[in-house]
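Trainee: Please take one part of this model and go through it closely, then place it in its surroundings.

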Amino acid sequence: MLNSHIHLDFDNVNTPSAATTGAIVPATGKENWDSVIQCCAKDDNRHFALGIHPWFIEDHQMIDLYDLEIKIEDENPIAVGECGLDYLKVKDQNQQRFFFDEQISLANRYKLPLIVHAVQATEDATDLLKSHASSRGVIHAYSGSLQQAKRLVDIGFYLGFGSKLADPHAYKLHDIVKYIPAEHILIETDDNQNSDGLIQVVERIAKIKKIAVEEAIAQCDDNARKLFNLS
Ligand SMILES: [Zn+2]
């Protein structure tokens, strides 16, 4: 079972249980580019992404985008991310949009998928992604509406679901999972500390989609392999 988004380099994130056979480890900014690379160096089933997270935009300058490109060229990440827009936590929307737009261009230049963080900004994030014809990727920890989800699926994007989906009362998220194709769903635990978190997410997906848990795991694994080009 592949975890499509886990911050394994964070001190508070526990090593996942044996059921997790692979992991995508996204970066949050220049501060941890080397840590995520190192975190994946000794394990063929761990893969890192490199990017600048909207929460940490203020710690970055234009020149860091240039450094990011050098790092991408040297280190071959499987994706650019995480990057995106967070209108809830970060005030400067223009600066966020600038950094996100640049990272979309970068991903397209290196033919890499994007790992996108979008909070209270799904509409703007989708518009920006759509303005770059060939962009592809995942909106991780999806929190937009069903209508926005359908729009993202229409342009080939994947939606990532984590611990919030496992909550039996998360009706809005359950509905989104119900109505989008299983071929567009990824599972993740982000910075959650629960080492069994991933199985709880996939169990919920199986229940909503009325399929066996094994089938849900196989589908989500396939989706992640396809998006991130894993063999
Ligand atoms: Zn994350």
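Mentor: Helices (H or I, at least four residues) and strands (E, at least two) are DSSP runs, numbered from the N terminus, and Arg-204 is placed in helix H8. This is a predicted model, in which local features need pLDDT of at least 70 and side-chain atom pairs count only at pLDDT 80 or more, while totals for chains, interfaces and linings use all residues. Residues are numbered from 1 along each chain as its sequence is written, and side-chain values use heavy atoms, with hydrogens and water left out.

Start with Arg-204. Arg-204 is buried but has no salt bridge. Buried means under 20% relative accessible area, exposed over 50%, partly exposed in between, with a 1.4 Å probe and protein chains only; a salt bridge needs a side-chain nitrogen of Lys or Arg within 4 Å of a carboxyl oxygen of Asp or Glu. The nearest side chain of opposite charge belongs to Asp-167, 6.8 Å away (Lys and Arg count as positive, Asp and Glu as negative; His and the chain ends are not counted). A polar atom of the Arg-204 side chain does lie 3.5 Å from the backbone oxygen of Ala-166. Beyond four places in sequence, Arg-204 is in contact (heavy atoms within 4.5 Å) with Leu-165, Ala-166, Pro-168 and His-174.

The next residue to consider is Ile-205. With neighbours within four places in sequence set aside, Ile-205 is in contact with Leu-165, Val-177, Ile-185, Ile-187, Ala-216 and Cys-220. Leu-165 thus appears in the contacts of Arg-204 and in those of Ile-205. Ile-205 is also one of the residues that touch the most other members of the largest nonpolar core, along with Phe-100, Ile-139, Leu-159 and Phe-161. That core has 61 residues, a nonpolar core being a set of buried Ala, Val, Leu, Ile, Met, Phe, Trp, Tyr and Cys residues joined through side-chain atoms within 4.5 Å. Helix H8, residues 197-209, gives the most to this core, with 6 residues. Apart from it lies another core of 13 residues, including Ile-24 and Ala-224.

Cys-220 takes the path into helix H9, residues 213-228. Cys-220 is buried, at a relative accessible area of 4%. Its contacts, counted beyond four places in sequence, are Ile-185, Leu-186, Ile-187 and Ile-205. Cys-220 and Val-202 are 18 residues apart along the chain, and their C-alpha atoms are separated by 8.4 Å.

Ile-185 and Ile-187 lead to the sheet, since strand S8 spans 185-187 and stands at an edge with a single partner strand, so one side of S8 is left without a neighbour in the sheet. The sheet is open, with 8 strands in the order S1-S2-S3-S4-S5-S6-S7-S8 and parallel pairing (two strands pair if DSSP finds at least two bridges between them). Within this order, 6 bridges join S4 to strand S5, residues 114-119. Strand S4, residues 79-86, has 8 of its 8 residues buried, so S4 is largely enclosed by the rest of the structure.

Val-116 in strand S5 is buried, with a relative accessible area of 0%. Val-116 touches Cys-83, Gly-84, Phe-100, Val-138, Ile-139 and His-140, not counting residues up to four places away in sequence. Two of these, Phe-100 and Ile-139, are named with Ile-205 among the residues that touch the most other members of the largest core.

Methods: A polar contact is a pair of N or O atoms within 3.5 Å; within protein, one must be able to donate a hydrogen and the other to accept it, and residues adjacent in sequence count only if both atoms are side-chain atoms.
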